[in-house]
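Please look at the sequence and the model shown here before reading on. The paragraphs below go through the strands, then one acidic residue, then the aromatic rings and the salt bridges.

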Amino acid sequence: PGGEPGWSFGAEKIEYDPDNNRACLADAEGIRFIHDKPEIEIRAGVVKLDLESGNVDFEDRVTVKSKQGPSFSAKGATWDPGPKKFRAYGDIRYNSGSSEIFGDEIEIDLELETARVKGNVRFRSPALPGLKGGFAR
């Protein structure tokens, strides 16, 4: 009701709790709007919406992809509307389009451009130009 759209979801099953103003979606697909345009696609086995706070929990394998290309996947994630960030955990895989980062946890901005990965972090990128034998000196 009013304002710019935030999320749009479709699901196999939706349960709404009017007493707590919460919804639980099974086998869900959604879109996050940025400046009234659909920019982020998301899929998860379970999505829990707190319609009062705006927090969204994604469980049972989540994938998030920006129309600009960056994406991440994880066992679960939370959207925090205050700082407008995703926090995800479990088997993180972040793909920037030119490199991949793997780890246990990620905190990432709405555009999926600025990421902080923690725990068992691994980085993979195509060979960087430079001196023979690896890193430029």
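Strands β1 and β2 form a hairpin with four residues between them, and Asn 21 in that turn has a positive phi of about 55°. Strands here are DSSP runs of E with at least two residues, numbered from the N terminus. The model is predicted, so local features need pLDDT of at least 70 and side-chain atom pairs count only at pLDDT 80 or more, while totals for chains, interfaces and linings use all residues. Residues are numbered from 1 along each chain as its sequence is written, and side-chain values use heavy atoms, with hydrogens and water left out.

Strand β1 covers residues 7–17 and β2 covers residues 22–34; they run antiparallel and are joined by 10 bridges. Two strands count as paired if DSSP finds at least two bridges between them. One place to look is Glu 15, whose bridge partner in β2 is Cys 24.

The chain then turns again. Between β2 and β3 there are two residues, and in this hairpin His 35 takes a positive phi near 50°. Strand β3 spans residues 37–50 and pairs with β2 in the antiparallel sense over 12 bridges. Within this pairing, Ala 28 stands opposite Ala 44 in β3.

Which other strands pair with β3? One is β4 (residues 56–59), antiparallel to β3 over four bridges, with Val 46 opposite Glu 59 in β4. The hairpin of β3 and β4 has five residues between the strands, and Gly 54 in the turn has a positive phi of about 90°. Another is β5 (residues 62–66), which also runs antiparallel to β3 and is joined to it by four bridges; here Ile 42 stands opposite Val 64 in β5. In a regular strand the side chains alternate between the two faces of the sheet.

Glu 39 lies in strand β3. Is Glu 39 buried or exposed? Glu 39 is buried, where buried means under 20% relative accessible area, exposed means over 50%, and partly exposed is in between (1.4 Å probe, protein chains only). Glu 39 nevertheless has no salt bridge, and the nearest side chain of opposite charge, Lys 37, is 5.8 Å away. For charges, Lys and Arg count as positive and Asp and Glu as negative, while His and the chain ends are not counted. A salt bridge needs a side-chain nitrogen of Lys or Arg within 4 Å of a carboxyl oxygen of Asp or Glu. Leaving aside residues up to four places away in sequence, Glu 39 touches several others, including Ile 31, Arg 32 and Lys 65; contact means heavy atoms within 4.5 Å.

Next come the aromatic rings. The structure holds eight aromatic pairs. Rings of Phe, Tyr and Trp (its six-membered ring) pair if their centres lie within 6.5 Å; planes under 30 degrees apart count as stacked, over 60 as edge-to-face and the rest as tilted. Trp 7 and Phe 9 are a stacked pair, at 5.4 Å centre to centre and with 20° between the planes. Trp 7 and Trp 79 are edge-to-face, because their planes stand at 80°, with the ring centres 6.0 Å apart. Trp 7 belongs to β1 and Trp 79 to β7 (residues 76–80), so this pair ties together parts that are 72 residues apart in sequence. Trp 79 is buried, with a relative accessible area of 1%. Ring pairs link Trp 7, Phe 9, Phe 58, Phe 72, Trp 79 and Phe 86 into a cluster.

Trp 7 also has a charge over its ring: the charged end of Arg 32 sits 5.4 Å from the ring centre. The term requires NZ of Lys or CZ of Arg within 6 Å of the ring centre and within 35 degrees of the ring normal.

Last are the salt bridges, of which the structure holds 10. Glu 29 forms one with Arg 43, the closest N and O atoms being 3.3 Å apart. Glu 29 lies in β2 and Arg 43 in β3, so the pair ties together parts that are 14 residues apart in sequence. Glu 29 is partly exposed, with a relative accessible area of 45%, and Arg 43 is partly exposed at 43%. Another salt bridge joins Arg 124 and Glu 100, with the closest N and O atoms 3.7 Å apart. Asp 80, Lys 85, Arg 87 and Glu 107 are joined into one network by salt bridges that share partners.
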